[in-house]
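The following exercises concern the packing of helices in a single structure. Each task is followed by a solution worked in steps.

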Amino acid sequence: MNIYSKFTWTTARQTAENLIYQQTGKHLSDLEIVILRGAWEDRTYEQISEARGYTSNYLSRDIGCKLWLNLSVALQEKVSKKNFKAAL
């Protein structure tokens, strides 16, 4: 068994939650969790927005941008929807 097989959605969410809380003093919002989960499942913002009833622009530019920026600051490296698994 390799190290990556233990990196599950639950572990990723908890790690992101801890990092964001340490950085901002706030917990992940429900929408940030939705975006994180969608990214975990390799969904586009459009797919996430259709499932949740928000516009893809709102999710990507307002919620997602803030989420990736906070994770970038916490990890001291550029984090995005495409590389967050490796960063975490």
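**Exercise 1. Locate the kink in H4 and state what surrounds this helix.**

Step 1. H4 bends by about 40°, and the kink is centred on glycine 64. The bend at a residue is the angle between axes fitted to the seven residues ending there and the seven starting there. Helices are DSSP runs (H or I, at least four residues), numbered from the N terminus. The model is a predicted one, in which local features need pLDDT of at least 70 and side-chain atom pairs count only at pLDDT 80 or more, while totals for chains, interfaces and linings use all residues. Residues are numbered from 1 along each chain as its sequence is written, and side-chain values use heavy atoms, with hydrogens and water left out.

Step 2. Gly64 is also among the buried residues of H4, which include Ser56, Leu59, Ile63, Leu67 and Trp68. Buried means under 20% relative accessible area (1.4 Å probe, protein chains only).

Step 3. The cover over these buried residues includes helix H1 (9–24), H2, H3 and helix H5 (84–87).

Step 4. Just after H4, glutamine 76 adopts a positive phi of about 60°.

**Exercise 2. Describe how H3 packs on H4.**

Step 1. Helix H3 (residues 45–52) and helix H4 (residues 56–75) have axes that come within 9 Å and cross at roughly 110°. Axes are lines fitted to C-alpha atoms, for helices over the stretch in contact, and angles run from 0 to 180 degrees between N-to-C directions.

Step 2. The two helices are therefore roughly perpendicular to each other, a class that covers 65 to 115 degrees.

Step 3. On the H3 side, Tyr45, Glu46, Ile48 and Ser49 meet Ser56, Leu59, Ser60, Gly64 and Trp68 of H4. Contact means heavy atoms within 4.5 Å.

Step 4. By class, this contact of H3 with H4 comprises four nonpolar, four polar and one charged residues. Here Ala, Val, Leu, Ile, Met, Phe, Trp, Tyr, Cys and Pro count as nonpolar, Asp, Glu, Lys and Arg as charged, and the others, Gly among them, as polar.

**Exercise 3. Describe how H1 packs on H2.**

Step 1. H1 and H2 pack at an angle of about 140°, and their axes are 11 Å apart.

Step 2. That angle makes H1 oblique to H2.

Step 3. Trp9, Ala12, Arg13 and Ala16 of H1 make the contact with Ile33, Leu36, Arg37 and Trp40 of H2.

Step 4. The residues of the contact of H1 with H2 divide into six nonpolar, no polar and two charged.

**Exercise 4. Determine which contacts link leucine 67, leucine 28 and glutamate 32 to the rest of the chain.**

Step 1. Leucine 67 lies in helix H4 and counts as buried because its relative accessibility is 0%. Leaving aside neighbours within four places in sequence, leucine 67 is in contact with Ile20, Leu28, Glu32, Ile35 and Leu36.

Step 2. Leucine 28 is found in the loop between H1 and H2 and is buried, at a relative accessible area of 8%. With neighbours within four places in sequence left aside, the contacts of leucine 28 are Arg13, Ala16, Glu17, Ile20, Ile33, Leu36 and Leu67.

Step 3. Glutamate 32 belongs to helix H2 (residues 30–40). Glutamate 32 is buried, with a relative accessible area of 5%. Again leaving aside neighbours within four places in sequence, glutamate 32 is in contact with His27, Ile63, Lys66 and Leu67.

Note on methods
Buried < 20%, exposed > 50% of the residue type's maximum accessible area, 1.4 Å probe, protein only. Parallel < 35°, antiparallel > 145°, perpendicular 65-115°, else oblique.
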